[in-house]
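Reader: Hi! Could you walk me through this model while I look at it?

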Amino acid sequence: MTWRHGLISGAVLLVVWQIVVSLTDIAPFILPSPSRVAATLWTSRVLILDNAAVTLAEILLGMLLGSLMGMATAVCLTASRPARIVLRPILVFSQAVPVFALAPLLTFWLGYGIGSKIVMTVLIIYFPVASAFFDGLTRTPPGFLDLARTMGASPWSTLFRVRFPAALPSLGTGLRLAAVYAPIGAVIGEWVGASRGLGYLMLLANGRVKTDLLFAAILVLAVMTVCLHFAVDRFARWLSRD
Amino acid sequence: MAVAPAATGCTNMTAAPSLRFRGRARIDGQPLFPDIDLPIAAAKWTCLLGPSGVGKTTILRLIAGLSCAVDFTGQITTSDGHPSMGRVAYMAQSDLLFPWLDVHGNIGLGARLRGERPDQAHMRDVIARTGLADHLRKRPSELSGGQRQRTALARTLMEDRPIILLDEPFSALDARTRAEMQELTVELLAGRTVLLVTHDPAEAARLAHGAHVLMPERLHPIDLPDTPIARAIDDPATIRAQSQMLGVLRQVPA
């Protein structure tokens with residue numbers, strides 16, 4: 001998919017949407033027309049951008065912390081057998097628990113601020129990053145390891161100068177998944193309890209039947225997610241360049 | 001045996017020792033190869049031939065001190081009494097270049113992995129000898145098969161080890177590049193003890209001072225002409241040695 005294809009299909013979708021609304025005379029609070037959403041997007045821009053900034057900060061901080069924790073976990077699992085014995089079941093179990101169900105608890109523990117949303121995001125992306133990177137770290141081509149051994153490389157050097165760079169393409173795969181999940185984590189966190197953010201704004205708009213504002217918030221969230229996807233994709237390509 | 005190693009490429013190498021590999025190996029309780037006695041002459045090229053799965057690579061790995069899934073009974077001795085482990089450089093069929101490092105980085109890999117700085121004078125010398133000066137900033141993916149294998153050879157030379165183990169390093173190359181690489185490798189590894197594993201009798205006849213064919217029942221020594229390597233492919237004595245090896249490889253066990 002290129003940018004141009006995306007623009008074309010987006011334009012077609014908008015035109016069809018506008019035509020359907022115009023022809024069916026559907027009530028604006030059920031389905032607002034794209035032009036009405038665009039107007040709301042403009043008139044409420046300060047409100048939307050303020051809340052979008054909060055959500056974006058949650059997503060980015062969650063991505064950063066979750067990726068670093070996932071990477072650190074993968075390195076520990078690779079480096080130490082006791083760590084594998086202790087951490088691996090926790091890792092699998094963390095995936096078995098539906099993270100969404102933890103959202104109310106996180107809000108209860110950490111409050112309505114940005115902290116509970118970041119933790120939510122971290123929890124949701126931690127596993128894909130850790131497991132993808134661990135997978136890469138354990139699938140180093142055996143010949144590379146033989147070579148390092150005959151060259152007298154220490155286990156530490158083998159881990160960080162051979163296994164680690166060889167696993168970066170796998171890390172890229174994990175980060176691509178994380179970029180898709182991170183916005184979901186942040187918004188779920190906001191739904192459960194927040195005073196700011198796009199998720200909070202969506203709930204607020206929905207409760208007051210301001211469907212146009214709801215659509216505008218969803219649109220901004222979608223644009224943010226797509227931008228994050230492209231940025232991470234670019235970074236992942238850079239990681240696996242050769 | 002009197003040895004007069006050529007000075008080529010050897011900067012701080014102690015005299016290359018001879019090796020002797022004696023023993024047998026079993027894998028999952030089944031014999032892989034029986035008791036064999038394989039002498040590897042000092043500062044010479046010894047070729048080990050054999051059909052696939054007979055344990056040639058296992059012998060290389062045992063000498064290199066690399067892990068293998070066999071049960072080995074025997075010993076590997078050297079003429080100077082020091083273990084072979086740690087004095088071995090290894091070149092495989094796959095060039096094993098790290099895709100995230102450029103040619104320069106791959107050549108200096110050993111020092112980098114030991115946390116040392118590569119010896120710059122030695123490095124310049126190796127780069128000049130392997131003809132890689134114009135490619136130093138390229139990634140392995142930008143190189144031809146011959147250039148990749150030359151980079152692997154340069155990386156091996158940087159290690160400056162007295163014992164070199166070659167596991168079919170030329171078999172993935174096209175015929176012309178293979179002949180060129182064989183000659184370059186012979187030239188640059190002169191003075192080192194080389195064990196070359198191959199399945200190609202023509203290669204062994206061309207490159208070996210001494211050769212052995214490993215068959216499941218025993219090890220067959222081969223007579224080779226007492227001429228310098230790399231020999232001409234059309235030399236009658238070379239062709240005779242080649243057909244002798246092919247004969248052993250094709251014989252049906254009694």
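Author: Happy to; here is a short chat about the interface, the salt bridges and a few single residues.

Author: One thing up front: this is a predicted model, so local features need pLDDT of at least 70 and side-chain atom pairs count only at pLDDT 80 or more, while totals for chains, interfaces and linings use all residues. Residues are numbered from 1 along each chain as its sequence is written, chains are lettered from A and ligands numbered from 1 in the order in which they are written, and side-chain values use heavy atoms, with hydrogens and water left out.

Reader: Great. How many residues does each chain bring to the contact?

Author: Chain B brings 22 residues and chain A brings 18 residues. Contact here means heavy atoms within 4.5 Å.

Reader: And how much area do chain B and chain A bury between them?

Author: About 1,800 Å², with 65% of it on carbon and sulfur atoms. Buried area is the accessible area (1.4 Å probe) that two parts lose on being put together, summed over both.

Reader: Which residues of chain B lose the most area to chain A?

Author: Those are B:Leu96, B:Trp100 and B:Leu113, which together make up 33% of what the chain B side buries.

Reader: How many salt bridges does the rule find across that interface?

Author: One. It pairs B:Arg61 with A:Asp146, and the closest N and O atoms are 2.7 Å apart. A salt bridge is a side-chain nitrogen of Lys or Arg within 4 Å of a carboxyl oxygen of Asp or Glu. The rule also finds six residue pairs in polar contact across the interface of chain B and chain A, both residues being at pLDDT 80 or more. Polar contact means a pair of N or O atoms within 3.5 Å; within protein, one must be able to donate a hydrogen and the other to accept it, and residues adjacent in sequence count only if both atoms are side-chain atoms.

Reader: Which element gives the most to the side of chain B that touches chain A?

Author: H3(B) does, with four residues. Helices (H or I, at least four residues) and strands (E, at least two) are DSSP runs, numbered from the N terminus.

Reader: Switching topic: how many salt bridges are there over all chains?

Author: The structure holds 16. One of them joins the side chains of B:Arg20 and B:Asp37, at 2.5 Å from N to O. That pair links distant parts of the chain, with B:Arg20 in strand S1 (residues 19–27) of chain B and B:Asp37 in strand S2 (residues 30–40) of chain B, 17 residues apart.

Reader: Is B:Arg20 buried or exposed?

Author: In between: B:Arg20 is partly exposed, with a relative accessible area of 35%, and B:Asp37 is partly exposed at 35% too. Buried means under 20% relative accessible area, exposed over 50%, and partly exposed in between (1.4 Å probe, protein chains only).

Reader: Which residues are linked in a network of salt bridges?

Author: B:Arg114, B:Glu116, B:Glu159 and B:Arg161. Within it, the side chains of B:Glu116 and B:Arg114 meet at 3.4 Å, N to O.

Reader: Any pair inside a helix, and where?

Author: B:Asp125 and B:Arg129 both lie in helix H4 (residues 120–130) of chain B, four residues apart, about one turn of the helix. Their salt bridge has its closest N and O atoms 3.1 Å apart.

Reader: Last one: what does B:Thr58 touch?

Author: Leaving out residues up to four places away in sequence, B:Thr58 touches B:Leu32, B:Phe33, B:Cys68 and B:Val70. B:Thr58 lies in helix H1 of chain B and counts as buried at 14% relative accessibility.
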